[in-house]
Each structure stands twice: as C-alpha cells, then as structure tokens.
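User: Please go through the aromatic pairs and the strand pairing of this model. Short answers with the criteria stated will do.

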Amino acid sequence: MAINNLAAGKLDTRIMLLRPVKTVTGGAHSVAYTDYKAVWANARQATFRESIASQVQLQNETYTLAMRYIPGITPDWAVRMHGIRYRVMTVNADKSAGSLILGIELDNTITQEPTS
C-alpha cells in the first residue's frame, strides 16, 4: 500500500490501539494492555513480499494496517481488530505524509485481557 494513498473512504476497519502498561510486582515484570485510541484503518492481509520487507513471519493472521499518523506507536504495542488481539511487529511512520503503517500478527502470547 502506498503511504500517500490514505483517502478517508479506504479507512474502513475500526481498530483499537492498545498501549502497553508495564508493572513490577515483587521483582516480577508483567505487561498489561489498556485501550489507547479507536481509529479507522485500512486492513489487508499481508502479502509474501510485504512479509519479507517488514520481517514479519507470514501467517494467515498477518495484516498490514494503514492509518492516519499517530505519534508514539512502537512495536511493543498491540491492536484489537474484530475482537482479536494482534501484536504490532513493525511501524512505518511518515509524519510529513500524515500516515502510519503497522505490520501486525496474531498474538497468542498475551494472556491478560486489555482494560479500559
């Protein structure tokens, strides 16, 4: 997907960005996720070429999300899309073009539910 191709009509999938909240309890580190912001994105299942370029392992549950630029999103964040959590694997932010592209994959490692 071209970074400058973010017409409002193409942003057709509602997603929730999940911010990591790290805590230390008795020396044990844990990460929980909290709802950060609901945004509209263009979600596409990643192609093999995109998977190689973004270094995300190609699976049935690997997507590319294109959305308007939001500062501060990093690969330790997560995304909830259609009620399912995905890990952010790659972030391609272009502040001057006003766009953000995330490579995400199904996250089976998160055991704690996001909180609001």
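The turns below cover the basis of the values, then the aromatic pairs, then the strands.

User: What kind of model is this, and which pLDDT do side-chain atom pairs need?

Analyst: Residues are numbered from 1 along each chain as its sequence is written, and side-chain values use heavy atoms, with hydrogens and water left out. The model is predicted; totals for chains, interfaces and linings use all residues, local features need pLDDT of at least 70, and side-chain atom pairs count only at pLDDT 80 or more.

User: How many aromatic pairs are there by the ring rule?

Analyst: Rings of Phe, Tyr and Trp (its six-membered ring) pair if their centres lie within 6.5 Å; planes under 30 degrees apart are stacked, over 60 edge-to-face, and the rest tilted. Under this rule the count is two.

User: How many residues apart are Y36 and W77?

Analyst: Y36 and W77 form an edge-to-face pair, with 4.9 Å centre to centre and 85 degrees between the planes. Helices (H or I, at least four residues) and strands (E, at least two) are DSSP runs, numbered from the N terminus. Y36 is in strand β2 (residues 28-45) and W77 in the loop between β3 (62-68) and β4 (78-81), so the pair links distant parts of the chain, 41 residues apart.

User: Is W77 buried or exposed?

Analyst: Buried means under 20% relative accessible area, exposed over 50%, and partly exposed in between (1.4 Å probe, protein chains only). Y36 is partly exposed at 40%. W77 has a relative accessible area of 8%, so W77 is buried.

User: Which class does the pair of Y63 and Y86 fall into?

Analyst: Both Y63 and Y86 are buried. Their ring centres are 5.7 Å apart and their planes at 85 degrees, so the pair is edge-to-face.

User: How many residues of β3 are buried?

Analyst: β3 is largely enclosed by the rest of the structure. The buried residues number six of the seven.

User: Which residue stands opposite Y63 in β6?

Analyst: Two strands pair if DSSP finds at least two bridges between them. β3 and strand β6 (residues 99-106) pair in the antiparallel sense over seven bridges. Opposite Y63 stands I104.

User: In what order do the six strands close into a barrel?

Analyst: β2 and β3 are antiparallel over five bridges, and strand β1 (residues 13-25) pairs with β4 in the antiparallel sense over four bridges. The barrel is antiparallel in its pairing, and its strand order is β1-β2-β3-β6-β5-β4.
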